[in-house]
Amino acid sequence: MNRISDYIPAKEYLKAEIANVLSDLGVIEVIPKVEVPADPNYGDFSTNVAMVLARRLKKNPSDLAQDLVQKLLDKKLRFIKEINFVSPGFVNFYLNYQWLYEFIEYVYESGPENFAKVNIGNNSSVQIEFVSANPTGPLHVGNGWWAAYGDSLARLLSRCGYLVSKEYYVNDTGGQIRTLGESILASKKKIEPPENGYRGEYIDKLAQEYSGVDDIYETGKWAAEIILKDIKDTLLKMHVEFDSWYSQDHIERGGAVEDTLNELEQKGLIYKKDGATFLASEKLGDSRDRVLIKSNGDITYTCGDIAYHRDKFKVRGFDRVIDVFGADHHGQVASLKSAMTALDIDEANLEIQIGQMISLVGAKMSKRSGNFVKLDDFLDDVGVDAARLMSLMNSIDQATVLDIDLVKSTTMDNPVYYLQYAYARICSIQQNALKESLNIDDLANVELSLLTDPKEIALLKIISEFEDIVVDAANMRRPHKITTWARQLASGFHSFYHDCKVIDLKNPDLTMARLALVEVTKISLTVALDLLGVTLLEHM
RNA sequence: GCGCUCGUAGCUCAAUUGGACAGAGUGUCUGACUACGAAUCAGAAGGUUGCAGGUUCAAAUCCUGCCGAGCGUACCA
């Protein structure tokens with residue numbers, strides 16, 4: 001076993017062998033589930049397949065499990081030390097450490113370039129649209145929260161073999177732009193802003209700078225452009241870079257709307273009522289029919305949005321589109337999905353990830369009230385890496401409460417330092433090793449079987465789960481799973497570091513084996529933090 | 001009212017998507033630096049997973065009903 005291509009993860013190997021035994025029993029088309037038990041006392045791996053199949057085969061799960069155990073033992077599989085049956089029907093596998101030593105070779109040879117790079121996307125294209133905050137004010141913390149999510153998801157899918165494109169939809173036209181212009185002109189004239197208008201320092205500042213004509217739309221357009229530039233800068237500061245900034249104005253005036261309306265018209269899904277033009281979306285799954293063209297001739301936002309999404313699939317040809325919405329936009333989901341159905345686009349290819357709302361302790365986030373915490377300031381206060389990691393610690397399904405003051409005051413306790421410190425320690429060890437001329441020139445000469453300390457084994461097991469975690473996080477669109485794992489890894493490493501001195505001049509063989517383990521830890525940590533977009537430093 | 005989402009340690013969040021004893025951080029308490037970086041490690045305490053039923057060998061997870069929270073319910077965007 002010296003070539004990467006020969007390597008089969010232990011879990012996959014077990015899966016295949018279990019499937020073989022099952023087919024001997026006449027059970028086919030079953031992919032047994034093999035997992036790592038939470039409690040190591042239940043073995044290195046376990047399967048619940050006996051319990052799952054018991055009903056179908058009309059057999060007692062424990063009989064089935066014990067039968068399975070015996071048949072698997074008879075095969076004298078490699079790596080296997082012991083196979084157990086545990087009531088009510090778990091089958092647990094205990095492996096000798098050889099599988100971990102081969103795993104080290106695999107990771108070592110893969111390096112950060114190739115380790116945990118599993119192709120599940122097959123070069124299909126996916127567009128991820130996120131942030132897309134209206135250019136009517138600076139980004140606030142809530143916007144930034146999902147910026148990290150979208151960006152990290154893009155990194156994940158990209159590593160997993162998708163061709164990813166990141167997009168920001170710029171709502172640079174319509175009523176809000178007029179309201180923005182109106183608000184600025186009001187500030188210039190020192191009068192009250194309109195109802196639902198924007199206020200705050202940035203409005204006053206823009207008003208001072210504005211020297212153009214007294215036209216609310218012109219003023220609004222002018223201001224939106226400036227604000228958008230600031231938004232771009234803030235996102236760059238957060239290490240979020242978009243591939244494209246797509247203009248709503250372009251969609252609405254560039255023919256996309258006409259094409260969409262024509263197509264819907266041809267399908268007979270459009271009708272007029274009360275002087276307005278409706279899409280018959282209710283019968284396609286929406287809660288009611290939607291207005292596309294108002295009775296005054298203006299098109300609705302919904303209409304533009306449908307044209308925009310049609311453009312993503314039919315004009316630009318993305319295989320899959322992922323929209324990241326805040327929970328306050330969940331009402332659009334049914335409309336968009338039914339509209340895709342109307343346009344013969346498989347709605348399953350339009351995924352909408354809903355992020356639960358972020359609330360601030362002691363503050364509201366509203367651009368209209370002018371009372372919000374700017375993302376830019378937040379990044380300055382807590383640091384980009386801490387901000388990103390913080391947001392990537394929780395699932396977007398979890399409504400999050402953010403106490404800005406608490407976050408600022410506990411910056412030194414932030415988990416990001418825990419991860420970065422682990423990396424800095426690794427680099428430090430490697431530098432010290434180098435000073436003693438201890439470096440691995442050929443892993444084949446390293447006696448990996450010297451790694452038997454419980455902390456060494458525990459660390460290796462954590463690393464061995466990483467590829468599954470990556471695939472899982474990508475498939476479920478949940479990058480926070482990477483964070484959860486990375487924290488486990490760092491914990492495992494710190495604990496190992498404490499118990500096992502790596503550099504021991506009196507024991508060069510063990511030193512080399514441990515250096516290999518350190519390198520493998522470094523590789524996996526590097527990949528994980530790259531997926532999260534968190535930077536690693538050799539010194540802190 | 002209706003709809004969507006959510007409810008897990010004091011606080012902030014995890015939990016291999018139906019698995020075994022619900023885990024981390026933080027806070028509180030107790031230990032560990034004349035060994036590679038103590039921004040660390042080891043330990044204690046903290047829970048009837050909002051409540052009540054149901055399905056299942058197995059439920060924080062699925063179903064039903066309550067309770068509570070957020071959001072939505074425009075010819076706004």
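Me: A polar contact is a pair of N or O atoms within 3.5 Å. With that cut-off in hand, which side chain has an N or O atom 2.8 Å from a base nitrogen of RNA strand B?

Reply: Note that this is a predicted model. The side chain in question belongs to H330, where an N or O atom is 2.8 Å from a base nitrogen of the RNA. That distance falls within the 3.5 Å cut-off, so the pair is a polar contact.

Me: What does S495 reach on RNA strand B?

Reply: A phosphate oxygen, which lies 3.1 Å from a polar side-chain atom of S495. Y497 uses its backbone: a polar atom there is 2.6 Å from a base nitrogen of the strand.

Me: Which elements give two or more residues to the surface near RNA strand B?

Reply: They are α2 (49–57), β4 (90–95), α6 (175–188), β14 (400–402), α16 (415–435) and α19 (480–499). The most comes from α19, with eight residues.

Me: How many residues surround RNA strand B, and which are the closest?

Reply: There are 66 residues around the strand, and D39, Q356, S395, Y421 and N432 are the closest. By class, the surface near the RNA has 25 nonpolar, 26 polar and 15 charged residues.

Me: On the RNA side, what percentage of the atoms within 4 Å of the protein belong to sugar or phosphate?

Reply: Sugar or phosphate accounts for 60% of those atoms of RNA strand B, and bases for the rest.

Me: Now helix packing. At what angle do the axes of α17 and α20 cross?

Reply: Angles under 35 degrees count as roughly parallel. The axes of α17 (residues 454–464) and α20 (residues 508–532) cross at roughly 30° and come within 10 Å. The two helices are therefore roughly parallel to each other. The crossing of α17 past α20 is left-handed.

Me: Which residues make the contact?

Reply: From α17 come E456, L459, L460 and I463, and from α20 come L510, R514, L517, V520, T521 and S524. Sorted by class, the contact of α17 with α20 has six nonpolar, two polar and two charged residues.

Me: At what angle do α13 and α14 pack?

Reply: Here the range that matters is 65 to 115 degrees, which counts as roughly perpendicular. Helix α13 (residues 375–382) packs against helix α14 (residues 384–391) at about 110°, and their axes are 6 Å apart. That makes α13 roughly perpendicular to α14. F378, L379 and V382 of α13 meet V384, A386, A387 and M390 of α14. In this contact seven residues are nonpolar, with no polar and no charged ones.

Me: Last, the backbone. Which residues does a cis peptide bond join?

Reply: S87 and P88, with omega at about 5°. P88 sits in the loop between β3 (80–86) and β4.

Me: Which residue has a positive phi although it is not a glycine?

Reply: F79, with phi at about 75°. F79 is found in the loop between α3 (61–74) and β3.

Terms used: Residues numbered from 1 in each chain as written. Chains lettered and ligands numbered in written order. Predicted model: local features only at pLDDT ≥ 70, side-chain atom pairs only at ≥ 80, totals over all residues. Heavy atoms only, no water. Near = heavy atom within 4 Å. Polar contact = N/O pair within 3.5 Å; in protein donor to acceptor, adjacent residues only side chain to side chain. Helix = DSSP H or I, 4+ residues; strand = E, 2+ residues; numbered from the N terminus. Nonpolar A, V, L, I, M, F, W, Y, C, P; charged D, E, K, R; others polar. Axes fitted to C-alpha atoms, helices over the stretch in contact; angles between N-to-C directions. Parallel < 35°, antiparallel > 145°, perpendicular 65-115°, else oblique. Left-handed = near helix turned anticlockwise from the far one by under 90°. Contact = heavy atoms within 4.5 Å.
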